[in-house]
Amino acid sequence: MTYHPKSDFMRVMMERGFLADCTDYQGLDEAMIKGVVPTYIGYDATAKSLHVGHLLNIMMLRWLQKSGHKPITLMGGGTTKVGDPSFRADERPLLTPAQIDDNIEGMKQVFAKYLTYGEGKTDAIMLNNAEWLDGLNYLEFLRDIGRHFSVNRMLAFESVKSRLDREQSLSFLEFNYMILQAYDFLELNRRYGCLLQMGGSDQWGNIINGIDLTRRVIGEEIFGLTSPLLTTSDGKKMGKSQGGAIWLNADMLAPYEFWQFWRNTTDADVGRFLKLYTELPLDECERLGALEGQEINDAKIVLANEVTTLCHGREAAEAAEATAREVFERGGVGEELATVALPAADVSDGISAAQLFVRAGLVSSGKEAKRLIAEGGARVNDEAVTEAGQMFSQEDLAKTLKLAAGKKRHALVKLEG
């Protein structure tokens, strides 16, 4: 549909490409004009850090606050004990309460970089749904909340239906997840006047459930808004690389590697990513995204610098760019490159080139290393490696080796002990 928003937030969501769907465009737009709209996004504590896949929704909360509204970051201390089955082929591994608390502590680090927390009208607040989920009485919950849910309707949601259509098991534990998420929205509305839930488009069914439940139980009209599930122009899921997830915490992924991920963006994605992941003006995003040839690489450096500055600070972005120039343009050894230390005991008889690239994290297996070497993409200290079995001694490693896998991935390897 074509809707011309009046509120700053809805205009930004539409113009910059954040909006996939909304339960009531006009109603939400009018609520945004009328006053402060408390808005939440939930984050289950499945790892010690959030990753690039979460960054789109974090940017939505940032724009929400900049537009004069109140972000609520809801940590899933309770729902993580169940696990969201949405569009998954199998059940998530169950975590202990201690693991969940540990993960939440790690995840909290990133939010303060994007949002302002405090007591003010539009200051963000951080909550944990364990506060109201952990103490639920099962029979009372079934009677008061469960009676509002139709199993027929729950089975019809695409997130569940796709799993059942493939005849993949869906446990009763997981089936309860959407009821708990719906209850979160009800509780947030009761306690904090929350009017909007946002999430990826895979959360549409869960969000609709929360809106229906809140209307049935307390007669409140609330809203849902989803963002597109992003893939890169070559069809890959956003936030994945050969080395695994692109984490937002510096202790899980070095700021240089984070910067490099954005610098390696495909040409066709540069303009779109500038709109979504930076705060540069729209016309500048479009100008940079339209560049071609060598000039598009300058746009990628702008993208990498802007995104890294938001996540890790301006100094980290500048250090990463300086290292990249040193490594790529002058053939040097940059200070910010990932360094892997090999224990001397592990390489007493030396190490093959293939294993060296595996241990450095530049490839995931010996087979992949052999292919990289056969295709001429492996270099050590700027010299091509031609044999997978080429040996490197402890003496070689004592000098620190610079490894390159293709033109874009680099690492340093040194001897330890």
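Let me start with one cysteine in this predicted model. Cys285 is buried, because its relative accessible area is 0%, and buried means under 20%. Cys285 takes part in no disulfide. The nearest cysteine sulfur belongs to Cys311, and that sulfur is 18 Å away.

For anyone new to the term, a disulfide is a covalent bond between the sulfur atoms of two cysteines. How many disulfides does a search of the whole structure find? The count is zero. Cys22 is in no disulfide either. For Cys22 the nearest cysteine sulfur is that of Cys194, at 14 Å. Cys22 has 6% relative accessibility, so this residue counts as buried too.

Next, the sheet. Six strands form an open sheet, and the pairing is mixed. Reading across, the order is 1-6-5-2-3-4. Which strands are at the edges? They are strand 1, residues 21–22, and strand 4, residues 125–128, and each of these pairs on one side only.

Further in, strand 2 covers residues 38–44 and strand 3 covers residues 70–76. These two run parallel, with seven bridges joining them. If you want a spot to look for on screen, find Gly42, which stands opposite Leu74 in strand 3. Helix 4, residues 97–114, lies across strand 2, strand 3 and strand 4. The angle between helix 4 and strand 3 is about 160°.

Now to strand 5, residues 196–200, where Gln197 sits. Is Gln197 buried or exposed? Gln197 counts as buried, because its relative accessibility is 3%. What does its side chain make a polar contact with? The partner is the side chain of Tyr40, at 3.2 Å. Leaving aside neighbours within four places in sequence, Gln197 is in contact with Tyr40, Gln181, Phe185, Ile207, Phe223, Gly224 and Leu225.

Last, Leu28, in helix 2, which spans residues 25–34. Leu28 has a relative accessible area of 0%, so this residue is buried. Again leaving aside neighbours within four places in sequence, the contacts of Leu28 are Met10, Cys22, Leu196, Phe223 and Leu225. You will recognise Cys22 from the disulfide search. Phe223 and Leu225 were in the list for Gln197 as well.

One more number on that pair. Leu28 and Phe223 are 195 residues apart along the chain, and their C-alpha atoms are separated by 6.6 Å.

That is the end of my part.

Notes: Residues numbered from 1 in each chain as written. Predicted model: local features only at pLDDT ≥ 70, side-chain atom pairs only at ≥ 80, totals over all residues. Heavy atoms only, no water. Pairing = 2+ DSSP bridges. Helix = DSSP H or I, 4+ residues; strand = E, 2+ residues; numbered from the N terminus. Contact = heavy atoms within 4.5 Å. Axes fitted to C-alpha atoms, helices over the stretch in contact; angles between N-to-C directions. Buried < 20%, exposed > 50% of the residue type's maximum accessible area, 1.4 Å probe, protein only. Polar contact = N/O pair within 3.5 Å; in protein donor to acceptor, adjacent residues only side chain to side chain. Disulfide = S-S within 2.5 Å.
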